[in-house]
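Biologist: I should be grateful for a close look at one part of this protein, namely the site that its database record marks as active. Please set that part within the whole chain, in terms that a first-year student can follow.

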Amino acid sequence: MKEFKYDAEKAKKINEKINAVLEFTEIEGNKEGKYHNTPFMVKDNIQVLETKMTSASKILENYNSTYTATAIQKLLNEGFKIVGKTNLDEFAMGGSNENSAFGPVKNPWDLERIPGGSSGGSAAVVAAGIVPFAIGSDTGGSVRQPASFCGIVGYKPTYGAISRYGLSAFASSLDQIGVLATNVKDAATVVEVMSGKDEKDSTTLDINWDLTSEIEKEPEKIKIAIPKEVFEVEGIDPKVLEKFKENIERLKENGIEIEEVEIPHLKYTVSIYYIIAPSEASSNLSRYDGMRFALREEKESLKDTYMETRDKGFGIEVKRRIFMGAFTLSSAYYDAYFSKAAKIRKLLNDDFEKVFEKYDAVLTPTTTMLPPKIGELKSPLEYYLMDLFTISANMIGAPAISIPSGLIDNLPFGIHLISKPLEDAKMLRIANKFEKIFGRLELPEVQL
């Protein structure tokens, strides 16, 4: 990782335009660490001692972190330095970063447009050149989708590779910590440092990963699968599809073997995600009741205190997902919705297992559209469909990465790779190869 000089004053001036940082701070890492003084920022749904952890919600507006998340502590142990906490969609629920209680984040490429979400603040600070990388969380694409919209790399590793201890829980079977960076190798380096077994998170894997030593090594032969469903799905921007086809031809010219395959249950991913994720969220967010910590709106009865606290503390998108989750988990509808969604999740996993028997990775566009203008999309369904191609990786616990692959109408466009669980090192070598083919995107200086 190259030496990076952090300019706090410049960062604050840029942030006045993009609203990506909720709290500027400086927490030094180990002075003897390999990466001493290399700055980074942390999404504000992750605990870091001596900082607030608001999850961009009014209900946690004045909540102070009581410890440091395991993944972040590992970075500090290696010498990395925290310089801020980043804005996000409230409780990581959203794909636009318009759902923050502290105002929307603006895309550095076009200040009238969204940066993506929910890790939009982390994506924006990297794209704007404030820090070389930032930490985000990814439940259905929240690292990779904003990476695509902001012209950078977004990497979510295999589920269980990085401890979730200290990450505010949204949907525990899907949540992961990931990284947004300027290039593939830096993203791999950061995940390598954060990964490994943690006694505080029973879902972590006992692994000692080497993701970087052979990242420059040319894969002997790369065989990529493209789901036929990409070309059949409704709602995808024709410009995105056309650019993706151009990318495919360029990869073929560079010796990449590409074939179309069927992934029959891919078309159901958004539907099952919005049954499973809100169901888990409705359980996880029940702790915010005004009794133990954070906001409390005192009323005459316990029930009224609960209701008033949550009504004032939660935003509209969080309320919407709690209602959806409570409905699908209710005794009258559990079998009709949640049980069926769990079965389709298993079938989706089976689809991908068959593909990974013959192919090194599955390639799609990262998202179905270019970054819309702030306030442009009115329907929640329009937002939900942006994550059509990213959700499946969370559903099957697989590693996935978004890599910039050019511009459409002067806006960034990214392609998306999913590989077999635990084959992160192979996927990163392929991503590094693709990065060399397409090059990196540089934000025009006039923007900020």
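Modeller: The answer below begins with the annotated site, moves to its surroundings, and ends with the chain as a whole. Please keep in mind throughout that this is a predicted model.

The UniProt record, an unreviewed entry, gives the annotation "active site" to K43, S118 and S142. These residues are spread over 100 residues of sequence, yet they cluster in space, with a largest C-alpha distance of 11.1 Å. The same kind of record, also unreviewed, lists residues 23-428 as "domain: Amidase". Over residues 23-428, the chain is 31% helix and 15% strand. The C-alpha atoms at the two ends of that stretch are 32 Å apart.

Let us take K43 to begin with. K43 belongs to strand β2, which covers residues 39-43. Is K43 buried or exposed? K43 has a relative accessible area of 0%, so it counts as buried, the cut-off for that word being under 20%. Residues up to four places away in sequence are set aside in the following list of what K43 touches. The contacts of K43 include S118 and S142, both of which carry the "active site" annotation in UniProt. K43 also touches K85, T86, L88 and A92, as well as S119 and S122. I135, G136 and S137 are further contacts of K43.

S118 has a notable backbone feature. The peptide bond that joins G117 and S118 is cis, with omega at about 5°. S118 is placed in the loop that runs between β3 (81-86) and α3 (120-127).

That loop between β3 and α3 also holds K106. K106 has a relative accessibility of 32%, and therefore counts as partly exposed. Apart from neighbours within four places in sequence, K106 is in contact with K17, I18, L111, R113, P115, A124 and I374. From K106 to E232 the separation is 126 residues in sequence and 31 Å in space, C-alpha to C-alpha.

Strand β2, the home of K43, brings us to helix α2. Which residues of α2 (residues 70-77) are buried? They are T70, A71, I72, L75 and L76. These buried residues pack against several strands, namely β1 (21-27), β2, β3, β4 (133-137) and β6 (177-181), and against the helix α5 (184-194). After α2 comes G79, with a positive phi near 105°.

Another buried position is T367, in the loop between β9 (361-365) and α11 (380-384). The relative accessible area of T367 is 3%, so T367 is counted as buried. When neighbours within four places in sequence are left aside, T367 is in contact with Q145, S148, F149, V240, M386 and F389. T367 and H416 are 49 residues apart along the chain, while their C-alpha atoms are separated by 8.4 Å.

Two loop residues have a positive phi although they are not glycine. One of them is A294, with phi near 65°, in the loop between α7 (269-284) and α8 (302-313). A294 has a relative accessible area of 35% and therefore counts as partly exposed. The other is D409, with phi near 55°, in the loop between β10 (400-408) and β11 (411-418).

Finally, we turn to the whole protein. There are 13 helices and 11 strands in it. How does its radius of gyration relate to that of a compact globule, and what is the value? The protein has 448 residues, for which a compact globule would have a radius of gyration near 22 Å, so the value of 21 Å agrees with that expectation. Along the principal axes, the C-alpha atoms fill a box of roughly 70 × 55 × 45 Å. Buried residues account for 60% of the 448 residues. Among contacts with a separation of 6 or more, 74% are between residues 24 or more positions apart. The protein exposes about 18200 Å², of which carbon and sulfur atoms supply 47%. As for charge, there are 56 positive and 66 negative side chains, and the centres of the two sets lie 1 Å apart.

Conventions: Residues are numbered from 1 along each chain as its sequence is written. This is a predicted model: local features need pLDDT of at least 70, side-chain atom pairs count only at pLDDT 80 or more; totals for chains, interfaces and linings use all residues. Side-chain values use heavy atoms; hydrogens and water are left out. Helices (H or I, at least four residues) and strands (E, at least two) are DSSP runs, numbered from the N terminus. The radius of gyration is taken over C-alpha atoms; the globule rule is 2.2 Å times the number of residues to the power 0.38. Buried means under 20% relative accessible area, exposed over 50%, partly exposed in between (1.4 Å probe, protein chains only). Contact means heavy atoms within 4.5 Å. Accessible areas come from the Shrake-Rupley method with a 1.4 Å probe; for residues, only the protein chains shown count as cover. Lys and Arg count as positive and Asp and Glu as negative; His and the chain ends are not counted. The place of a charge is taken as NZ of Lys, CZ of Arg, CG of Asp or CD of Glu. UniProt positions are given in the numbering used here, feature names are shortened, and annotations may be inferred rather than shown by experiment.
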